[in-house]
Amino acid sequence: MFRATQLALISMSFVFSLLFLTFHELAAQSESLPVTYLDSITEDEEGNKLSFPSSVFAEPVRKEIYVIDSKSRVIIYTSDLFPLFTLSKRNGIENPQGLTVDASGNMYVVQGGTKEKPRNKISVFNASLKWERDIYFKDFEGADSFIPARLAHDKVGNIYVAGSYYLGVLLLGNQGQLLEILSPEEEDRKVHINSVTIDQTGKIYLVSEEVSHIYVYDEDRKFLFKFGEKGGGAGKLSRPLAVGVDSRNGRMYVVDYMRHTVSAYDKEGKYLFEFGGLGWGEGWFQYPRDIAVDSTGRIFVADTFNNRIEVFQAKE
């Protein structure tokens, strides 16, 4: 009995030592990363908890943060993360999937169909966040079944829309007219694109979860390069869903839904490091879905199944 108790205590001591070393190593690794955890957004202006946030957007003019969660609402925060107000069904927000805000403060929201309003669309709100008009998808093959997922706008007011596993990205004029379909190819076949981002210089970034590549174009839609490699280990992408770009240095951050990580690349697409991992504490993720970077280098990650937006600061 005494010997068994001794062995049990030794085993427990060994396990706790391993745990201590593991946490110590993780803490040291975290301190060495060029990114530090700052805070988390978890509530709206009434103190209600976020519910599975799926989209986050850092508005570059007013410096506001826009969040979409599973309650079909858009919640707006100040630059210091204070919740201002919420837009919901009574404001024309019915089934939001993604959004962007132009330099004049107009908000464009891609919305999926509902039982009452089955057509997918882009809803346009003015700078006072009042609904103005809807843009419907038309004049291209598959328009009736096109399911919008993410969107971005360029300097001249054109709108780029990525669909749910659509072969390419729609380029629309400000009134909704189809101008072009931007379609990257791999081995002479078009690939599915699930997200689009445009940075402050006008570069366009298309994310393909299918092949784990990010395609980069200049503001004239000339292809520049692609980066990313499919896989399940460090330096690889399993299911990339979105990319955020630091305007200060061109560093690109890709959120990976299945690996629960954010991978960082330099402005030429060279892999640098990753942070995160599956977990519930500060700096960990559980199936993150979106990412945005503001002008100060803060990184906002939609940590979906942890019901929060995590905020990190990138070091220069």
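Four strands line up as an open sheet in this predicted model, and their order is E16-E17-E18-E19, with antiparallel pairing. At the edges sit strand E16 (195-198) and strand E19 (223-227), each of which pairs on one side only. Going from strand to neighbouring strand in this sheet, the average turn is 20°, with direction ignored. In the middle of that order, strand E17 (residues 204-208) and strand E18 (residues 213-217) pair in the antiparallel sense over five bridges. To pick out a contact here, isoleucine 204 has tyrosine 217 in E18 as its bridge partner.

Edge strand E16 also turns up in the lining of the largest pocket. This pocket has a volume of about 930 Å³, and 46 residues line it. Closest to the pocket's centre are Phe57, Ala58, Pro60, Ile198 and Gln200. Besides E16, the elements that give two or more residues to the lining are strand E2 (55-58), strand E6 (96-101), strand E10 (148-153), strand E20 (240-245) and strand E24 (290-293). As for chemical character, the lining has 20 nonpolar residues, 15 polar ones and eleven charged ones.

Strand E24 also helps to place tryptophan 284, found in the loop between strand E23 (271-276) and E24. Tryptophan 284 has a relative accessibility of 31%, so it counts as partly exposed: buried would mean under 20%, and exposed over 50%. Further along the chain comes glutamate 310, 26 residues from tryptophan 284, and the C-alpha atoms of these two residues are separated by 8.8 Å.

How values were computed: Residues numbered from 1 in each chain as written. Predicted model: local features only at pLDDT ≥ 70, side-chain atom pairs only at ≥ 80, totals over all residues. Heavy atoms only, no water. Pairing = 2+ DSSP bridges. Axes fitted to C-alpha atoms, helices over the stretch in contact; angles between N-to-C directions. 1 Å grid on protein atoms, 1.4 Å probe; cavity = no way out; pocket = protein on both sides within 12 Å on 5 of 7 lines; lining within 4 Å. Points joined across faces, edges and corners; volume = space filled by probe spheres on them. Nonpolar A, V, L, I, M, F, W, Y, C, P; charged D, E, K, R; others polar. Buried < 20%, exposed > 50% of the residue type's maximum accessible area, 1.4 Å probe, protein only.
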